[in-house]
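Biologist: Got a minute to walk me through this one? I'd like to start with the strands and then jump around a bit.

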Amino acid sequence: RHRQSRTWGGETFPGAALPCAMVQASPVTMFHSGSGYQYEDNSIYGFAHTNKGHWNLLHVPLLPTNAAKVDADDYASPFSHRNEEAHPGYYRVFLQRYGIMAELTTTLRCAFHRYTFSPGDRHRLIADMTRNNGHVGQWDLQKAGAYAFSGCQDGEGKIYFYAVSNQPVDAISQVHGKKHSVSVVDFGGRGRVLELRIGFSFVSVEGARRNLEAEIGSKGFGQVRREADATWEGLLGMMRVKGGTERQRRLFYSCLYRSMLWPALRSDVNGDYTDVNGKVCNGHFDYYTNPSFWDDYRNKLIQLGLLMPEVAQNVIRSIIDKGEKQGGYMPTFFHGDHASTFVAGSWLRGLRGFDLGRAY
């Protein structure tokens, strides 16, 4: 099937994420195409770290390789759905071109990559720093220690990262093709498993490092995966449904899971965030992206207040902050003033963890 003639997909992604998290680690089968992943595609360009299931984001795409020579114009790996597995907090796929098993899991602000190579393989990482679903205007990638590298990518928001590997970082280089360029990180180890613990921040590299230390630290991949699974089990288990068919129950919980992925966290573990004016602030609350008010003020945001009341209250704190700095108007979407309905309704439903006077 020609990619130009694809039908409108579900615009969902199969990668690992926690509820309303900063990081969503998911495969990219095509840039500038919905969530970046379409089921009919058969090649993976990398694993990106932000996703909304819409036509944006996909920050910092990374792909492991064992190739002695990287072709910047042709490096994507074929894959098969038969060798692919997806859970809310875990994703696995076999990269056929390189014979590498890639696994991903996440915390709120971090991603954990585990790549299993064939014995004797060279361990390398392709970082496609000039590309995401937006338009990348600035990026940086550099060694940050014997076992670490860091950088940023500015496109659909400027994200910073700090990565720690279980193998020494030998070198970082640029590979130029006829149409495209990529960065390549070389590692010095020869064990079969390459692990990357990566912290992210929309404030600074130092913030990304703090997030990594706070949320992953020395935890192993299995522990992070189990904690992600337990988080989802705790949230989805708040709703119990009876009756219907097995398919209907699967649809219910699948849609409930999807509905709890957004809005997304944007502040660091210490409370720092970059506000709508580009200033670093700390309001001692979790700062979030905007909900799609026009679509969900009458349903999903009410559900958010029921299942994750602290998140709903922090979303209100966030839109108050934005409104005070945007000429006195809270954010909206498409048309209408739906934020006011969300705020007033939340207050009447018993959510009082925000300043009603400031909101008014």
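Biologist: Which residue in S10 does Met 101 stand opposite?

Modeller: Met 101 stands opposite Thr 116 in S10. Before we go on, this is a predicted model, where local features need pLDDT of at least 70, side-chain atom pairs count only at pLDDT 80 or more, and totals for chains, interfaces and linings use all residues. Residues are numbered from 1 along each chain as its sequence is written, and side-chain values use heavy atoms, with hydrogens and water left out.

Biologist: Fine. How many bridges join S9 to S10?

Modeller: Six bridges join S9 to strand S10 (residues 110-116), and the two run antiparallel. Strands here are DSSP runs (E, at least two residues), as are helices (H or I, at least four), numbered from the N terminus. Two strands pair if DSSP finds at least two bridges between them. S9 and S10 form a hairpin with three residues between them.

Biologist: And what about S8 and S9, parallel or antiparallel?

Modeller: Antiparallel: strand S8 (residues 90-95) pairs with S9 over six bridges. One pairing there puts Arg 92 across from its bridge partner in S9, Glu 103. That hairpin has four residues between the strands, and Gly 99 takes a positive phi near 65 degrees in it.

Biologist: Why is S9 called largely enclosed?

Modeller: Because six of the seven residues of S9 (residues 100-106) are buried, the rest of the structure largely encloses it. Buried means under 20% relative accessible area, exposed means over 50%, and partly exposed is in between (1.4 Å probe, protein chains only). Leu 104 is in S9, and it is buried at 0% relative accessible area. From Leu 104 to Thr 12 is 17 Å, C-alpha to C-alpha, with their positions 92 residues apart in sequence.

Biologist: Switching topic. How many disulfides does a search of the whole structure find?

Modeller: Zero. A disulfide would need a pair of cysteine sulfur atoms within 2.5 Å.

Biologist: Why is there no bond at Cys 20?

Modeller: Because the closest cysteine sulfur, in Cys 255, is 16 Å from the sulfur of Cys 20, which is too far for a bond. Cys 20 is buried at 1% relative accessible area, whereas Cys 255 is exposed at 52%.

Biologist: OK, charges next. How many salt bridges does the count come to?

Modeller: The count comes to 19 salt bridges, each being a side-chain nitrogen of Lys or Arg within 4 Å of a carboxyl oxygen of Asp or Glu. One of them is Lys 219 with Glu 227, at 2.9 Å from N to O. Lys 219 is partly exposed at 23% relative accessibility, and Glu 227 is partly exposed at 32%.

Biologist: Which helix holds both Arg 250 and Glu 246?

Modeller: Both lie in helix H3 (residues 246-259), four residues apart, about one turn of the helix. Their side chains meet in a salt bridge at 3.2 Å, N to O. Arg 250 is exposed at 56% relative accessible area, while Glu 246 is partly exposed at 49%.

Biologist: What does Glu 324 meet in a salt bridge?

Modeller: The side chain of Arg 358, at 2.8 Å from N to O. Glu 324 lies in helix H6 (residues 309-324) and Arg 358 in helix H8 (residues 356-359), so the pair ties together parts that are 34 residues apart in sequence. Glu 324 is partly exposed, with 44% relative accessible area, and Arg 358 is partly exposed, with 44%. Elsewhere, salt bridges that share partners join Glu 206, Arg 209, Arg 210, Glu 213 and Asp 272 into one network.

Biologist: Back to polar stuff. What does the side chain of Thr 29 make a polar contact with?

Modeller: With the side chain of Asp 41, at 2.8 Å. A polar contact is a pair of N or O atoms within 3.5 Å; within protein, one must be able to donate a hydrogen and the other to accept it, and residues adjacent in sequence count only if both atoms are side-chain atoms. Thr 29 is in the loop between strand S2 (24-28) and strand S3 (43-44), and it is buried at 0% relative accessibility.

Biologist: Last one: where is Trp 294?

Modeller: In helix H4 (residues 293-296), and Trp 294 is partly exposed at 31% relative accessibility.
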